[in-house]
Amino acid sequence: MRVLSGIKPSGSIHLGNYLGALRIWVTEQHRDTFYGVVDLHALTLPIEPEELRTQTLSTAATLLAAGIDPQRATLFVQSWIPYHAQLTWLLECVVSFGELKRMTQFKEKGGEQAGHRAGLFTYPVLMASDILLYDTEGVPVGEDQRQHLELTRVIAERFNTRYGPTFVVPEAIVPTAGARVMDLQDPTKKMSKSELSVQGTISLFDSPSEIEKKIKRAVTDTDNDVRYDRKNKAGISNLLDIFAAVEATTPQLIAERYSRYGDLKSDLAAALVSTLAPIQQRYDELMADPGELHQQMMIGSQRANEVAAPVFERASRAIGLLH
Ligand code: TYM
């Protein structure tokens, strides 16, 4: 099975990215996997050029540190493969304005406000190109990307109907625990790179004491009943869900082990510290040799280019461009 996913280099990777996506990228590596640092996506919101360069490199290092093995997975930088932007244009002429307007992420980001970039509106089409260019079958993503994946399927099917069989129609791979990690200070909002909620977000690079502090101060309710109930007990359920993702079990089974919030919180903090410590250590080693990191990404991007080229050609012939 061909698997592909991507992550925006637009800020420090957080626990939601790790539990909802990266962790699954690592376990899917026995398949034919393509993982992209999708730098073009980072341009949808304001970002300084120097910041984008730094984040692209450090995001690649984070993926490797989290367990992506460049001998097995194809790790690429999106902008180094010109077909992503090229295919986006073809697909923008397949999707409709109304379909893009319905995307909840665009609405949540206040997309229609004056001054917002047009790329923020069309970005789900770039994401569809990322996926369709590689004949992808499975896409490991968090819950927030499900709607974009659904749109990708609609675009692929419409293209195939209109112009003949061209694209593979992909499926989402969404984990059972950790698919929607919520902000620790406001468990009705998802943990997010762009929200300025430092206390509510655990970065993969937080120190043990920061992790302990943030988990200890995580907002819960006052009835002191450890029970998984997303609707009525959002805070405690979020902690149970995070714990279940870390231990590869279910939140209900974790809940059975605890009768007090304090015990749950201190064990969860300890589990997170021991999960993140080795990632942090490998990250520091990798960032010490940026030349080698660059080289790894060049190798992966060349391979990605070879796979994407014939798929782009297939699509451009099908739509009627002269060859
Ligand atoms: P991005 O960079 O915002 O996030 C990367 C991955 O992390 C997941 N995620 C979460 N999972 C659980 N809980 C959270 N709070 C949480 N926040 C983020 C996201 O679902 C995602 O899987 N458009 C995508 C990147 C992308 C992509 C693609 C993904 C571009 N092209 C092609 C798959 C295939 C994005 O902005 O993800």
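**Exercise 1. Sort the residues of the shell around the ligand into nonpolar, polar and charged.**

Solution. Start with the classes: Ala, Val, Leu, Ile, Met, Phe, Trp, Tyr, Cys and Pro count as nonpolar, Asp, Glu, Lys and Arg as charged, and the others, Gly among them, as polar. Sorted this way, the shell holds 12 nonpolar, 10 polar and five charged residues. Before you go on, please note that this is a predicted model, in which local features need pLDDT of at least 70 and side-chain atom pairs count only at pLDDT 80 or more, while totals for chains, interfaces and linings use all residues. Residues are numbered from 1 along each chain as its sequence is written, and side-chain values use heavy atoms, with hydrogens and water left out.

**Exercise 2. Find how many residues surround the ligand, and which elements supply them.**

Solution. First, the cut-off: a residue is near a molecule if one of its heavy atoms lies within 4 Å of it. The ligand is surrounded by 27 residues, and the closest are Lys8, Tyr123, Asp130, Asp144 and Val181. Next, look at the elements, where helices (H or I, at least four residues) and strands (E, at least two) are DSSP runs numbered from the N terminus. At least two shell residues come from each of strand E1 (2-7), helix H1 (15-27) and helix H7 (118-132).

**Exercise 3. Follow the polar contacts of the ligand with Gly16, Gly142 and Asp144.**

Solution. A polar contact is a pair of N or O atoms within 3.5 Å; within protein, one must be able to donate a hydrogen and the other to accept it, and residues adjacent in sequence count only if both atoms are side-chain atoms. Take the backbone first: Gly16 places an N or O atom 3.1 Å from a nitrogen atom of the ligand. A polar backbone atom of Gly142 is 2.9 Å from a ligand oxygen atom. Then turn to a side chain: an N or O atom of Asp144 lies 2.5 Å from an oxygen atom of the ligand. On its own the ligand has 710 Å² of accessible area, and the protein covers 97% of that (Shrake-Rupley method with a 1.4 Å probe; for residues, only the protein chains shown count as cover).

**Exercise 4. Describe the largest nonpolar core.**

Solution. Such a core is a set of buried Ala, Val, Leu, Ile, Met, Phe, Trp, Tyr and Cys residues joined through side-chain atoms within 4.5 Å. Buried means under 20% relative accessible area, exposed over 50%, and partly exposed in between (1.4 Å probe, protein chains only). The largest core has 55 residues, among which Ile215 and Leu264 touch the most other members. Its largest share, 10 residues, comes from helix H12 (residues 261-287). Both domain 1 (2-178 + 290-319) and domain 2 (208-284) give this core at least three residues, with bounds from an automatic or database domain assignment.

**Exercise 5. Locate Asp135 and Asn224, and look up the phi of each.**

Solution. Keep the general picture in mind: most residues other than glycine have a negative phi. Asp135 sits in the loop between H7 and strand E4 (138-140), with a positive phi near 50°. Asn224 belongs to the loop between helix H9 (208-216) and helix H10 (234-247), and its phi is also positive, near 50°. Asn224 is partly exposed, because its relative accessibility is 45%.

**Exercise 6. Decide whether Leu204 and Arg31 are buried or partly exposed, then find a partner in space for each.**

Solution. Leu204 is in the loop between strand E5 (171-173) and H9. With a relative accessible area of 0%, Leu204 is buried. From C-alpha to C-alpha, Leu204 is 9.2 Å from Asn17, although 187 residues separate them in sequence. Arg31 lies in the loop between H1 and strand E2 (32-37). Its relative accessibility of 31% makes Arg31 partly exposed. The C-alpha atoms of Arg31 and Ala73 are 8.4 Å apart, with the two positions 42 residues apart along the chain.
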